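Visitor: Show me the model, please. I would like the reasoning behind each label.

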Amino acid sequence: MNNEAILELFKTISEIDSSRSYEKVLEIFRIVLEQYGLQSFLITGLPVPHDDKWQRAILCDGWPREWLTRYESENHFLHDPCAARSRISAEPFLWHQLPTEGLTSRGRLVMDEATEFGMKDGLCVPIHVPLAGPAVVTAASDRIEIPPGAMPVIETLCVHLSQAQPLGA
C-alpha cells in the first residue's frame, strides 16, 4: 500500500466518522466501491445456515432488488458458498477465487444465478469480532477492477464501515 492510498484511506475514514447519517456513510462507501467497478453491496450478519429468518441479519441491502427476491425465494442463503466461506475465514476473497471443485451443485447455482443480475464477480470481506457472530461486507458487479495492493484498503474500509456509528445516530 503506497502513501497516497494510505492518505486516501484516512481521508475516507475521517469522512465516515464525521458523517451525521448512515445514509451519508453508505454514500461515501458506494463512491469508493465504484472506483473498483463494484456497483452493489450487502452488509450482513451470518447466522447459522439453517436459520430460516436469516434476513433479519441484513444491516444494509444494496443488492439489486430482483436478485434479493430470487435469493430469498430459492433459499440460496443455505447454499451460498460466499456466506459459507465468510463464516469460517477472516481472509477477504474474490468470488472467482472460490474453488470450483468444492462447490455443490446448489452452490454453483447461487453463483451462476448472481451473474444473471449483473454480479459476475465480487469480493467478500468477512468480519469476525469478539462477542459477536460473523458478518460480511460483500460487493459485486459485472466487471470488477481491483488493482494489486488495493485489497488492504478495501478490507480496512469494510471493517471500519461495519462498526461505523454516524454522529447524531
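Guide: Start with one residue pair: I127 stands opposite A135 in β5. Keep in mind that this is a predicted model.

Visitor: What makes β4 and β5 a pair?

Guide: Two strands pair if there are at least two bridges between them. β4 and β5 are joined by 7 bridges and run antiparallel. So the pairing criterion of at least two bridges is met by the 7 bridges here.

Visitor: How do you know that β3 pairs with β4?

Guide: Count again. β3 and β4 (residues 121-127) share 2 bridges, in the antiparallel sense. The cut-off is at least two, so 2 bridges suffice. F93 has C124 as its bridge partner in β4, and L94 has L123.

Visitor: Which strands are called edge strands?

Guide: β2 (58-62) and β3 (93-94), each of which pairs on one side only. The sheet is open, with 5 strands in the order β2-β1-β5-β4-β3 and antiparallel pairing.

Visitor: What holds paired strands together in general?

Guide: Backbone hydrogen bonds, in either a parallel or an antiparallel arrangement.

Visitor: What makes β4 mostly covered?

Guide: Buried means under 20% relative accessible area. In β4, 7 of 7 residues are buried.

Visitor: Which residues of β4 lie on each side?

Guide: D121, L123, V125 and I127 are on one side, and G122, C124 and P126 are on the other. They are all buried, so both faces of β4 are covered. In a regular strand, side chains alternate between the two faces of the sheet.

Visitor: Which helix lies across the sheet strands β1, β2 and β5?

Guide: Helix α2 (residues 22-34) lies across β1 (40-45), β2 and β5 (135-141). The helix runs at about 125° to β1.

Visitor: Why is α3 called roughly antiparallel to α5?

Guide: Helix α3 (residues 65-73) and helix α5 (residues 105-115) pack at an angle of about 160°, with axes 10 Å apart. That makes α3 roughly antiparallel to α5, because the label applies to angles over 145 degrees.

Visitor: What is the handedness of the crossing, and which residues make the contact?

Guide: α3 passes α5 in a right-handed crossing. W67, R70 and Y71 of α3 meet V110, E113 and A114 of α5.

Visitor: How do the residues of that contact divide?

Guide: The contact of α3 with α5 has 4 nonpolar residues, no polar ones and 2 charged. Arg and Glu count as charged, so R70 and E113 are the charged ones.

Notes. Residues are numbered from 1 along each chain as its sequence is written. This is a predicted model: local features need pLDDT of at least 70, side-chain atom pairs count only at pLDDT 80 or more; totals for chains, interfaces and linings use all residues. Side-chain values use heavy atoms; hydrogens and water are left out. Axes are lines fitted to C-alpha atoms, for helices over the stretch in contact, and angles run from 0 to 180 degrees between N-to-C directions. Helices (H or I, at least four residues) and strands (E, at least two) are DSSP runs, numbered from the N terminus. Angles under 35 degrees count as roughly parallel, over 145 as roughly antiparallel, 65 to 115 as roughly perpendicular and the rest as oblique. A crossing is left-handed if the near helix is turned anticlockwise from the far one by less than a right angle, and right-handed if clockwise. Contact means heavy atoms within 4.5 Å. Buried means under 20% relative accessible area, exposed over 50%, partly exposed in between (1.4 Å probe, protein chains only).
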